[in-house]
Amino acid sequence: MTAIPASPQARSAARRRRDGRTGLILVSPALLFVAVFALFPLGFGVYISLTNWPLVGSYQFTGLSNYDALLHNSEFLQSIVFTLKYTGIVTIPIFLVGYALAAFVRANRRGSAVFRTLIFLPYIVGLVTESYMAVVELQPTSGSVNYALSRIGLVSDTTAWLVHTGLALTAISILVVWFYSGFAMMLLMAGMQSIPAEMYESARVDGASWWTMERRLTVPLLRRWIALSLIVSVVGSFLAFNQFFIMTDGGPGTSTVTVVMSIYNTAFASFDVGLASAMSVVLVIVVGLITFVQFRFLQRDGD
Amino acid sequence: MPAVHRDQRPRAGVASAPPARIAAPARNVGNRSAAASRAHRGAAGRATVWFVVAGVAISAVFVLPLLWEVFRSLQPESAVSSAPSARGFTHLTLANYRTLLSGQDDILRNVVNSLIVAVLTALLTSVVAILAGYGFGLFRFRGAGIAFGLVLVAFMIPFQAVLTPLFLELHFLHLLNNLIGLALFYTTFNLPIGVYVMRNSFVQVPRELVDAARVDGATVRVTLLRVLRPLVLPGIATTALYAFLFSWTEFLGALSFLTNDSLFTLPVALSNVETGTYGAVNYGLLLAGAVIAMVPCVVVYVGLQRYYVRGLVSGALKG
């Protein structure tokens, strides 16, 4: 190595080449993981969706017939409508509660760090664990929620929350808003804290009220963060599965089956792998569209 | 709450920007009289009191339900499943935990499964993300942009949407019904945020330090292990913490890729308890299991939240 008499340029070029090789080697495990367990399944899924893939045996290409079947699959169509409805119900409350919480805890005042931690706890514990707890507490007669509400006369003490579509959706929506608004708070708070304090100085000198400053200054400056928190929450809601699987299992009937649950049932209960893959492709496209549309919508005016 | 970092301020994305302080006292107030200043301080004190009172009330909304479930899990099964007016409502016992962790339900095995998967995922994610972050952060190479984009693409793919093909693929690789297979799957979907966090950690390392190590003849490996490691440790903590919490609470993937009861992770095992697969439905056991699932999250988060919030913000900025 040292014996090679090379010009400085040649040496640095060689080093750059070696550096490049080292860099590629360093990132290759990550690329391998993503290729094998994310990109390949995605492509494989598209491929399967064009076949009548059985659990065992050979398969044939069936073109777009799985997609054609989707258009007539009432359970899947119903699950899309239901999931959109659920998403529509929870999105605005999550945002508003999250925003209010963020505005409350964003300044470094006495106790605000502790409050942030405590408000964020339901998100950390996870919706799965909390859904199990909710199942117990929503039982007629014995559940705490049901008991408390019946004592103040809102419901009868035998209300079976999880076997009526409307009641189940209400209960799950409230649970999700409670679970998720701490996360929205964290995102929005990070955005609020990145706004320089000087922005508020002149407004304060002009005697602007809190509400005016919030509306005229904070919200416009926060637009990208608001877009981000809405996208994350809408996509998350559209991919809902756990809370419905645990609390209603799609029932009564199939009235609370979400899109992901519909895919899960088609693949792992009906073993129709081709159809389930077609559903998944639709899901990827819909999620991509939601992200795209919301970005465009929120960035339309300004920047 | 023990060990809450009182001084902890989540780092905003723009680290240098001061946080917006709505209640900040105006500077350059000039010649206030002593009385006015005292009155001002009194008002500020009252505002602080109100802030704390409101904060406690709001926090209670988010924490009390969880504490209530801890209390409920300590009730005898008969009290959990009957009207709260029943006798024995305040009689506390560890009976649910004892039943759950012994005998036929044997949730302990599922807790161990969950721990294995979560720790393995945290380790794998950290190692792969450290290497990739080092490569993306400190080396120039052809295709780096595309490669980085590919890793982030995994973030755009909802894992719920590749469940079916992934099931077939894992089956083919003999990784179905396999805790390692589950950990590989979790690692993949934790990598985007991990690689992003680690790359930023390495980019922030002073360039002179890397050059100095090179001049001293340090190899790539020695530079990473001796020179850079202490500097990127916070990033590693963030990556590992995310991966651990994700795996510990994940449900759908474990439900789909594990069919053998003895391999179930805790969240999936609890669905058996919920539906009474082991006999009569027992809500006391379900609550005890849920509390067992909750405790590690709370402990790990409260201890390491500084790192969690860092990751949350940088992960969000990526979007």
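**Entry 1: overall shape of chain A**

I started with the size of chain A: its radius of gyration is 26 Å, whereas a compact globule of 303 residues would come out near 19 Å. I also boxed the C-alpha atoms along the principal axes and got roughly 90 × 75 × 35 Å for chain A. A reminder to myself: this is a predicted model.

Next I looked at the secondary structure. Chain A has 13 helices and zero strands, so to speak a plain row of α elements when read along the sequence. I found 42% of the 303 residues of chain A buried. Among the contacts in chain A with a separation of 6 or more, 68% join residues 24 or more positions apart.

**Entry 2: domains of chain A**

I looked up the domain division and found domain 1 at 1-49 and domain 2 at 65-299 in chain A. Their centres, taken over C-alpha atoms, are separated by 40 Å. Where the two touch, I listed four residues from domain 1 of chain A and seven residues from domain 2 of chain A. The domain 1 side of that contact has two nonpolar residues, two polar ones and no charged ones.

**Entry 3: chain B**

I turned to the partner chain. Chain B has 12 helices and zero strands, and its pattern along the sequence is again written with α alone. Buried residues come to 42% of the 319 residues in chain B. For contacts in chain B with a separation of 6 or more, the share between residues 24 or more positions apart is 78%.

The domain assignment of chain B gives domain 1 at 34-96 and domain 2 at 103-318. I read 33 Å between the C-alpha centres of these two domains of chain B. Their contact draws 11 residues from domain 1 of chain B and nine residues from domain 2 of chain B. On the domain 1 side, α1 (34-73) and α2 of chain B each supply at least two residues, with α1(B) giving the largest share at five residues. By class, that side of domain 1 of chain B holds four nonpolar, four polar and three charged residues.

**Entry 4: how far to trust it**

I checked confidence before going on. The model scores ipTM 0.89 and pTM 0.87. Chain B has a mean pLDDT of 82, and 81% of its residues reach 70 or more. Among the elements of chain B, helix α10 (residues 252-257) has the highest confidence, at 96, and helix α2 (residues 77-80) the lowest, at a mean of 80. I flagged residues 1-32 of chain B, where the pLDDT is below 50; this stretch still has 57 contacts in the model beyond near neighbours in sequence.

**Entry 5: where the chains meet**

I asked myself how many residues each chain puts into the contact. The count is 79 residues from chain A and 94 residues from chain B. On the chain A side, helix α1 (residues 8-49) of chain A gives the most, with 20 residues. I sorted the chain A side by class and got 56 nonpolar, 18 polar and five charged residues.

**Entry 6: the nonpolar core**

I looked for the largest nonpolar core and found 163 residues in it. The members that touch the most others are A:Ala30, A:Leu188, B:Ala132 and B:Val151. Helix α7 (residues 165-193) of chain A gives the most to this core, with 18 residues.

I picked A:Leu188 for a closer look. Which residues is it in contact with, leaving aside neighbours within four places in sequence? My list for A:Leu188 reads A:Gly98, A:Tyr99, A:Ala102, A:Leu222, A:Trp225 and A:Ser229.

**Entry 7: backbone oddities in chain A**

I finished with the backbone. Most residues other than glycine have a negative phi, and most peptide bonds are trans. Against that background I noted three spots.

- The peptide bond from A:Gly251 to A:Pro252 is cis, with omega near -5°. A:Pro252 sits in the loop between α11 (242-247) and α12 (259-268) of chain A.
- A:Asp249 is not a glycine, yet has a positive phi of about 50°. A:Asp249 belongs to the loop between α11 and α12 of chain A. I counted 16 other C-beta atoms within 10 Å, so A:Asp249 is partly exposed.
- A:Phe271 also has a positive phi, about 55°, without being a glycine. Its place is the loop between α12 and α13 (273-299) of chain A. A:Phe271 counts as exposed because it has 12 C-beta neighbours inside 10 Å, and the cut-off for exposed is 12 or fewer.

Methods: Residues numbered from 1 in each chain as written. Chains lettered and ligands numbered in written order. Predicted model: local features only at pLDDT ≥ 70, side-chain atom pairs only at ≥ 80, totals over all residues. Domains from an automatic or database assignment. Nonpolar A, V, L, I, M, F, W, Y, C, P; charged D, E, K, R; others polar. Helix = DSSP H or I, 4+ residues; strand = E, 2+ residues; numbered from the N terminus. Rg over C-alpha atoms; globule rule 2.2 N^0.38 Å. Buried ≥ 20, exposed ≤ 12 C-beta atoms within 10 Å, placed from the backbone. pLDDT = per-residue confidence, 0-100. Core = buried A, V, L, I, M, F, W, Y, C linked by C-beta atoms within 7 Å.
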